[in-house]
Amino acid sequence: MDLKEIYQVYKEKFNDKKLPYIECNNCKYNFYYPRNICPKCGSHDIKINESNGNGTIYSYTVMNKSIWAIVSLNEGFKMYMDIYGNNPEINKKIKIIFKDSQLPCGEII
Amino acid sequence: MISGFAESVYKKYGRSVYELMEESFFKALDMAGLQRSDIQGFITTFMPGIFDDNVYMHFFPDQVCNYLGIHPKYIDSLDYGGPSVLAALYRAERLIKNGGIDNILLLFGGKGSLVREKKVTVDSFESLYENVTNTPYKSLFREYNYTNPLSDYALAAQRHKYMYKSTDEQRAILAVKQRKNANASGYSMFSGNLSADDVLNSSVISSPLHLLEIVYPVDGFHAFIVSKSAGKLRALKIQNYGEAHWTDIPPEQNDIILISASESSNKFRNEIKKCDFYELYDSFTITVMLQLENTGIVPKGKSGKFIENTSMSADGEFPLNTGGGSLNRGQPAYMSGSVLLYESLLQLNNMAKNQVKSANKVFINGIGGWSRNHSVSMIIGE
């Protein structure tokens with residue numbers, strides 16, 4: 001799988017309102033930011049999965065009333081995203097939603 | 001050894017960035033008693049926007065040498081953000097030791113005001129241009145609401161509060177203690193009385209960080225001339241050195257408050273504790289706290305209490321950021337490394353107004369890059 005294909009699949013998943021991530025078939029490391037080699041073991045044997053969209057807030061900051069966070073997904077990878085909802089706290093559960101943005105966001109459950 | 005050093009720092013400089021760098025260069029030459037023709041090496045850095053608004057410049061260090069009329073045998077540009085100048089000092093010392101080069105100019109800075117006025121940072125400068133990308137993952141970021149590096153340090157501060165129960169008050173007290181040093185330094189951009197309440201009542205820009213615990217980007221250059229002979233200055237050199245480059249982006253780090261400074265400092269922890277004063281990178285209050293803990297000066301999670309209970313003035317038990325740090329000097333072109341080095345040289349040469357008594361050894365730590373990826377740790381002494 002080359003990088004262009006990865007971005008293409010990501011775009012398709014986003015259009016279907018799904019959160020993609022990459023799993024290394026060799027070392028089983030899961031990661032979100034697209035690379036065609038596993039950042040841990042260097043293997044090119046990777047596949048794209050769909051997250052179940054559940055996670056928790058690892059850390060967050062509120063700027064101009066919008067919430068920016070690092071979210072830890074249940075599949076074990078972390079990523080940045082905008083968060084919607086009230087009273088953000090570390091460890092609070094979120095689910096992935098797609099707002100006006102093409103990109104995945106979190107909603108506090 | 002450093003034979004000359006100078007700064008030219010302005011809130012907003014009305015002329016070109018080239019004129020600004022020339023000003024600091026000639027001041028440093030004058031201190032060193034050297035001519036332009038004596039400069040045989042040149043090291044600098046480039047960041048988006050800080051050079052008269054340019055996103056990027058081709059063969060940039062060569063063009064600067066051309067403008068300044070210097071003809072070096074060695075040219076380099078380091079790209080570690082804020083601590084680049086510290087890494088450049090180490091490389092310059094090594095080059096001179098290897099022989100064949102006697103004087104190397106380190107020239108670091110730019111115009112932060114141009115970026116500041118566009119309401120972006122150097123990290124988000126690409127957002128102004130549809131077809132410009134400065135990071136490989138831009139398409140997975142650009143629609144989000146974030147302001148790096150501010151938001152990344154805010155995430156670290158929030159996490160630190162959660163893990164170690166550090167408080168907003170503790171960070172505010174650090175800002176107050178640094179301001180007291182700034183007031184005594186005689187060369188601070190921001191001065192006057194500051195209380196913890198002033199800090200806590202200033203706007204929350206990116207929670208939990210308040211306006212008065214965030215550096216203000218300004219226009220400025222620092223020039224340091226590294227030479228075989230220190231000339232009329234003290235014969236100072238780097239005594240201990242480490243650098244670390246952690247390339248994982250924050251979401252892919254196991255722990256965002258365990259930072260690269262833990263590696264860059266780990267070979268000389270015992271020496272760090274014996275220094276006479278400390279200059280720690282202060283882009284934000286939390287930056288200082290993370291370095292206190294990650295360089296082993298205080299145990300993990302204890303920086304807040306340490307700040308509350310420790311005198312950080314020039315005559316205190318732990319003189320820290322004795323010029324007031326870049327929180328008060330302003331941050332020239334989004335980089336604080338030069339501010340730390342400049343104040344260290346004032347102190348070590350007994351030229352500071354807020355002078356530490358018998359200032360013979362300083363520990364300097366710089367942090368930079370995409371959040372906290374690069375760290376440079378060093379002790380300078382005679």
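# Report on selected local features of a two-chain model

K65(A) is placed in the loop of chain A that runs between β4 (54-63) and β5. The model described here is predicted, and every value below was computed from it.

## Backbone features

K65(A) is not a glycine, yet its phi is positive, at about 75°. The relative accessibility of K65(A) is 81%, so the residue counts as exposed, the threshold for that class being over 50%. A second non-glycine residue with positive phi is D53(B), for which the angle is about 80°. D53(B) belongs to the loop between β2 (41-44) and α2 (60-68) of chain B. With a relative accessibility of 26%, D53(B) is classed as partly exposed.

Chain B also contains cis peptide bonds that lead into proline. One of these links N148(B) to P149(B), with omega near 5°. P149(B) is located in the loop that connects α4 (112-117) with α5 (150-164) of chain B. Another cis bond joins S207(B) to P208(B), and its omega is about 5°. P208(B) sits in the loop between β5 and β6 (209-210) of chain B.

## Burial and spacing of selected residues

The table sets out the location and accessibility of three residues.

| Residue | Location | Relative accessibility | Class |
|---|---|---|---|
| S206(B) | strand β5 (residues 204-206) of chain B | 0% | buried |
| E271(B) | helix α9 (residues 269-272) of chain B | 25% | partly exposed |
| V62(A) | strand β4 of chain A | 26% | partly exposed |

Each of these residues can also be placed by its C-alpha distance to another residue. S206(B) and Y146(B) are 60 residues apart along the chain, and their C-alpha atoms are separated by 9.2 Å. For V62(A) and I83(A), which are 21 residues apart along the chain, the C-alpha separation is 9.5 Å. E271(B) and V64(B) are 207 residues apart in sequence, and 38 Å lies between their C-alpha atoms.

## Aromatic pairs

A pair of aromatic rings is characterised by how far apart the centres are and by the angle between the planes. Over all chains, the count of aromatic pairs comes to 33, with ring centres required to lie within 6.5 Å. In chain A, the rings of Y21(A) and F77(A) have centres 4.8 Å apart and planes at 25°, so this pair is stacked; the limit for stacking is an angle under 30 degrees. Y21(A) is part of strand β1 (residues 20-24), while F77(A) is in the loop between β5 (66-73) and β6 (78-84) of chain A; the pair therefore ties together parts that are 56 residues apart in sequence. Y21(A) and F77(A) are both buried.

Y29(A) and F31(A) also form a stacked aromatic pair, at 5.8 Å from centre to centre and with 20° between the planes. F31(A) has a relative accessible area of 1% and is therefore buried, the bound for that class being under 20%.

## Charged groups over rings

Where does the charged end of R159(B) sit? It is placed over the ring of Y58(A), 3.9 Å from the ring centre. Within chain B, the charged end of R372(B) is positioned over the ring of Y153(B), at 4.8 Å from the centre of that ring.

## The second largest pocket

The second largest pocket holds about 330 Å³ of space. Residues of its lining include M1(B), Y90(B), E93(B), R94(B), V226(B), S227(B), K237(B) and Y241(B). The elements that contribute two or more residues to this lining are α3 (84-98), β7 (217-227) and β8 (237-245) of chain B. Of these, α3(B) supplies the largest share, five residues.

Sorted by class, the lining comprises six nonpolar residues, one polar residue and five charged residues.

Why does the second largest pocket lie between domain 1 and domain 2 of chain B? Domain 1 (2-119 + 221-227) and domain 2 (148-218 + 236-381) both give residues to the lining, so the pocket lies between them.

Notes. Residues are numbered from 1 along each chain as its sequence is written. Chains are lettered from A and ligands numbered from 1 in the order in which they are written. This is a predicted model: local features need pLDDT of at least 70, side-chain atom pairs count only at pLDDT 80 or more; totals for chains, interfaces and linings use all residues. Side-chain values use heavy atoms; hydrogens and water are left out. Rings of Phe, Tyr and Trp (its six-membered ring) pair if their centres lie within 6.5 Å; planes under 30 degrees apart count as stacked, over 60 as edge-to-face and the rest as tilted. Helices (H or I, at least four residues) and strands (E, at least two) are DSSP runs, numbered from the N terminus. Buried means under 20% relative accessible area, exposed over 50%, partly exposed in between (1.4 Å probe, protein chains only). A charge sits over a ring if NZ of Lys or CZ of Arg is within 6 Å of the ring centre and within 35 degrees of the ring normal. On a 1 Å grid over the protein atoms alone, a cavity is a set of points where a 1.4 Å probe fits but cannot get out, and a pocket is an open set with protein on both sides within 12 Å along at least five of seven lines; lining residues have an atom within 4 Å of a point. Grid points are joined across faces, edges and corners, and a volume is the space filled by probe spheres set on the points. Ala, Val, Leu, Ile, Met, Phe, Trp, Tyr, Cys and Pro count as nonpolar, Asp, Glu, Lys and Arg as charged, and the others, Gly among them, as polar. Domain bounds come from an automatic or database domain assignment.
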